[in-house]
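Here is a short briefing to read alongside your structure. Keep the viewer open and follow the topics one by one.

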Amino acid sequence: MIVDKLVGGGLHLGMSFDDMIPEQYREQWRAFYDRGLAGERFRIEQSFDMPDGVRTYVIALNPIIPADTVTGLAIFSTDVTERRRAEEVARQHQ
C-alpha cells in the first residue's frame, strides 16, 4: 500500500492528514482532497521517491456521497511503474 511505503509503517487510529503525507506532498494533496471533498471524481498519475527507486502510481479519488452530501473520499492507487518503463522502452525502439 502506498501510504505504508510513504509513512514507513501503517495507518492507525488518531493519525492526521499531516501524519500520512510526506511534507513535500502535503500542499498538493490538500488540493486533491479539497477537490474530492467538493464532489469531484478524478484520477492523477504521480511518481514518488521510494526506498527501492522511483515508483509511478495512477491514483483515483472518488467522493463518497450517500445522500447528496460528501462524507469522505475513497482513494485507490495502482502501481504502473513497470508499464510506464515498458512503454518508454517501446517508444525508444520505434
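The side chains of T81 and D79 make a polar contact at 2.7 Å. This is a predicted model, and the notes below start from T81 before moving to the fold, the core, the aromatic rings and the loops.

**Around T81**
- T81 is part of helix 4, which covers residues 81-92.
- With a relative accessible area of 3%, T81 is buried, because buried means under 20%.
- Once neighbours within four places in sequence are set aside, T81 is in contact with V54, R55 and T56.

**The fold as a whole**
- The protein has four helices and three strands, and along the sequence they follow the pattern α-α-α-β-β-β-α.
- The protein has 94 residues, and 30% of them count as buried.
- Among contacts with a separation of 6 or more, 28% are between residues 24 or more positions apart.
- The accessible surface is about 6500 Å², and carbon and sulfur atoms account for 51% of that surface.

**The nonpolar core**
- In soluble globular proteins, nonpolar side chains tend to be buried together.
- The largest nonpolar core here has 13 residues, and the ones that touch the most other members are W29, F32, I44, F48, I59 and L61.
- Helix 3, strand 1 and strand 2 are the elements that give two or more residues to this core.
- Which element gives the most to this core? Strand 1 does, with four residues.
- I44 is a good residue to click on: leaving aside neighbours within four places in sequence, I44 is in contact with W29, F32, Y57, V58 and I59.

**Aromatic rings**
- How many aromatic pairs does a search of the whole structure find? The search finds five aromatic pairs.
- In one of them, the ring centres of Y25 and F48 are 5.0 Å apart and the planes are at 70°, so this pair is edge-to-face.
- The Y25 and F48 pair links distant parts of the chain, 23 residues apart: Y25 is in the loop between helix 2 (17-20) and helix 3, while F48 is in strand 1.
- Both Y25 and F48 are buried.
- The rings of F32 and F42 have centres 6.1 Å apart and planes at 55°, so this pair is tilted.
- Here too the pair links distant parts of the chain, with F32 in helix 3 and F42 in strand 1, ten residues apart.
- F32 and F42 are both buried.
- F32 and F42 also belong to one aromatic cluster, together with W29 and Y33.
- F42 has a charged partner as well: the charged end of R35 sits over the ring of F42, 3.6 Å from its centre.

**Two exposed loop residues**
- Is A38 buried or exposed? A38 is exposed, because its relative accessible area of 67% is over 50%.
- A38 lies in the loop between helix 3 (26-37) and strand 1 (42-50).
- The C-alpha atoms of A38 and G72 are separated by 10.0 Å, and the two residues are 34 residues apart along the chain.
- D68 is in the loop between strand 2 (53-64) and strand 3 (72-79).
- At 81% relative accessibility, D68 also counts as exposed.
- Most residues other than glycine have a negative phi.
- D68 is not a glycine, although its phi is positive at about 65°.

Methods. Residues are numbered from 1 along each chain as its sequence is written. This is a predicted model: local features need pLDDT of at least 70, side-chain atom pairs count only at pLDDT 80 or more; totals for chains, interfaces and linings use all residues. Side-chain values use heavy atoms; hydrogens and water are left out. Buried means under 20% relative accessible area, exposed over 50%, partly exposed in between (1.4 Å probe, protein chains only). A polar contact is a pair of N or O atoms within 3.5 Å; within protein, one must be able to donate a hydrogen and the other to accept it, and residues adjacent in sequence count only if both atoms are side-chain atoms. Contact means heavy atoms within 4.5 Å. Accessible areas come from the Shrake-Rupley method with a 1.4 Å probe; for residues, only the protein chains shown count as cover. A nonpolar core is a set of buried Ala, Val, Leu, Ile, Met, Phe, Trp, Tyr and Cys residues joined through side-chain atoms within 4.5 Å. Rings of Phe, Tyr and Trp (its six-membered ring) pair if their centres lie within 6.5 Å; planes under 30 degrees apart count as stacked, over 60 as edge-to-face and the rest as tilted. A charge sits over a ring if NZ of Lys or CZ of Arg is within 6 Å of the ring centre and within 35 degrees of the ring normal.
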